[in-house]
Amino acid sequence: MNSRSLQTTIIFLVVGGILVLAFSGALGSASRGFTSVLIDTQTWISSRFLGFQDFVTAPRDIVTLRQRNAELEAQVSQLQAQLIELQQRVNETEILAALVDFSRSNPESTYKAASVIGRDPSPFLHYIIINRGSNDDIRRGMPVVTNQGLVGRVDAVIADAARVQLITDPASSVNVYLQNADTSAVLYGSVTGDVSLDLISQDATVEAGDLILTSGLGGGYPADLIIGQVVTVRSLEFELFQQATVQPAVDFSRLEIVLVITNFRPVDITPLEPVATPAP
Amino acid sequence: MRNLIAFPLLGLAVILQSSVLSQVRLLSGYADLLLVILAAWALQERVESSWHWGALTCMFIGFISNLPLPVVILGYFGVLFLARVLQRRVWHAPLLAMFSVVFLGTLFFQVLSFVFLRFSGTPLAIGDVVSLITLPSLLLNMLLAIPIYTFMRDVSYWVYPLEEYE
């Protein structure tokens, strides 16, 4: 070993010894200052390195993230579709449960449930189309109800569908009975979809909130089906009858599932109606 | 042969009319998709089968609607007649012709419906009909006019290709 390499070895040993003493804390405050500077430097370098590494590897991560994002978006869409379907099923189940309750509480009638699949293309007419027809023993004239009340009656039937005239149709008229006033009247539809009562006797005391039921007169509908409530009454002394506006129990704009009363056969009383004879 | 597209197209239009458009109401009126389609079809220069399309529409609507069949036939064929007459006269301004046919055709159809229903005993108040049905339906039909016209023009180019027409 020559003198030069011996000198280098000694310097290394001295500096190494000082470093060992510094790391071991034997140098007191000088030792703490030294390690803190070292740690700060390492932290700075480490954070810069991680930043640089992120920058270099970012494109690969973006591709992965985009793929993952697309997968998740597809999953979300699928779940949303499932949610809508389930929500629809829940709504249908709720309606059907209400209809089953209704049919249980009215055991004298037999019912056939049908979905509303369309409406009359003419805005002048208030008809719905249901997905049950003569194949399901649906016949013309059968009353159609929901758990809320009377909807209308079957007007035309084909094999797998039927057209139902709503009580809101302008050509519809239903003989009704006002429960509280204990009197009969006739319920008419209108082009706007509103229903009103006419031919109420002037002697009857009709008030807002009175319940309106079918009377069964005329044989077109069974008795005691709920129609709605009286909203306002118009009574003028010089008129023969009182009139009233009605709030129907059924929401006709949201008809989805209805019940057809299949054991009711309408009675055609036309032959019994008096024929007007010409005056001699 | 390509004219057979009338069957699925008009069938789909009737389904849309019955199940969708009749639920999209403005007051008590709604758009008549079939009327607008027929008007747009009859206004196309190359089209020679508008009467066939009219007959098919009458058959479909007569089947599902309670509107008296004479109203349906007179109404839709009246619209077709109007469109063919206007197509010959204002052929250089097709959109003007389309708006005119839809406007006059809707009014004609509504008046016809009103008169027939009134005479058949349906109590209809003319004020209610005009304000709640006719005017809203007119507006909705006019809104449909341009997109349907564009669509039917493309259909007519497909049914009557240029080389065949020439």
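Me: Which strands of chain A make up the closed barrel that holds E6 and E9, and in what order do they run?
Reply: Happy to start there, with the reminder that this is a predicted model. The barrel is closed, has 6 strands and is built with antiparallel pairing. The twist in this barrel averages 40 degrees from one strand to the next. Going round, the order in chain A is E6-E7-E8-E11-E10-E9.

Me: How many bridges pair strand E6 with strand E7 in chain A?
Reply: E6 of chain A covers residues 173–178 and E7 of chain A covers residues 183–188. One pair to look at is A:Val176, which stands opposite A:Ala185 in E7(A). The two strands pair in the antiparallel sense, and the count of bridges is 6.

Me: In what order do the strands run in the closed barrel of chain A that holds E1 and E12?
Reply: This is a closed barrel of 6 strands with antiparallel pairing. Its neighbouring strands are turned by 45 degrees against each other on average, direction ignored. The order in chain A is E1-E2-E5-E4-E3-E12.

Me: What is the bridge partner of A:Gly118 in E2(A)?
Reply: Strand E1 of chain A (residues 111–119) and strand E2 of chain A (residues 127–130) pair in the antiparallel sense over 3 bridges. Within that pairing, A:Val116 has A:Ile130 as its bridge partner in E2(A). For A:Gly118, the partner in E2(A) is A:Ile129.

Me: And on E12(A), which residue is the bridge partner of A:Lys112?
Reply: E12 of chain A spans residues 257–261 and runs antiparallel to E1(A), with 5 bridges joining the two. The partner of A:Lys112 in E12(A) is A:Val260.

Me: Which residue of E5(A) stands opposite A:Tyr127?
Reply: E2(A) also pairs with strand E5 of chain A, which covers residues 162–166. That pairing is antiparallel and has 4 bridges. Opposite A:Tyr127 in E5(A) you will find A:Gln165.

Me: Are the residues A:Tyr127, A:Ile128, A:Ile129 and A:Ile130 of E2(A) buried or exposed?
Reply: Their side chains go in two directions: A:Tyr127 and A:Ile129 point one way from E2(A), while A:Ile128 and A:Ile130 point the other way. Whichever way they point, all four are buried.

Me: Stepping back to the whole of chain A, why is it called more spread out than a compact globule?
Reply: Chain A has 2 helices and 12 strands, and from the N terminus on they run α-α-β-β-β-β-β-β-β-β-β-β-β-β. For 280 residues the globule rule gives 19 Å, and chain A is well over that, so it is more spread out than a compact globule, with a radius of gyration of 42 Å.

Me: What box do the C-alpha atoms of chain A fill along the principal axes?
Reply: Buried residues make up 26% of the 280 residues in this chain. Of the contacts in chain A with a separation of 6 or more, 55% are between residues 24 or more positions apart. The box along the principal axes is roughly 160 × 45 × 35 Å.

Me: How does the radius of gyration of chain B stand against that of a compact globule?
Reply: Chain B comes to 7 helices and 0 strands, and its C-alpha atoms fill a box of roughly 55 × 30 × 25 Å. A compact globule of 166 residues would have a radius of gyration near 15 Å, which agrees with the value for chain B, 16 Å.

Me: What share of the residues in chain B is buried?
Reply: In chain B, 74% of the contacts with a separation of 6 or more are between residues 24 or more positions apart. Among its 166 residues, the buried share is 42%.

Me: Which element gives the most to the side of chain A that touches chain B?
Reply: At this interface, 18 residues of chain A are in contact with 23 residues of chain B. The elements that give two or more residues to the chain A side are E1 and E2 of chain A. By class, that side has 10 nonpolar, 4 polar and 4 charged residues. The element that gives the most, with 3 residues, is E1(A).

Me: Where in chain B is confidence lowest?
Reply: The model scores ipTM 0.84 and pTM 0.73. Chain B averages a pLDDT of 88, and 97% of its residues score at least 70. Confidence in chain B is highest in helix H2 (residues 33–42), at 93. Confidence is lowest, at a mean of 63, in residues 162–165 of chain B, helix H7.

Terms used
Residues numbered from 1 in each chain as written. Chains lettered and ligands numbered in written order. Predicted model: local features only at pLDDT ≥ 70, side-chain atom pairs only at ≥ 80, totals over all residues. Pairing = 2+ DSSP bridges. Axes fitted to C-alpha atoms, helices over the stretch in contact; angles between N-to-C directions. Contact = placed C-beta atoms within 7 Å. Nonpolar A, V, L, I, M, F, W, Y, C, P; charged D, E, K, R; others polar. pLDDT = per-residue confidence, 0-100. Rg over C-alpha atoms; globule rule 2.2 N^0.38 Å. Buried ≥ 20, exposed ≤ 12 C-beta atoms within 10 Å, placed from the backbone.
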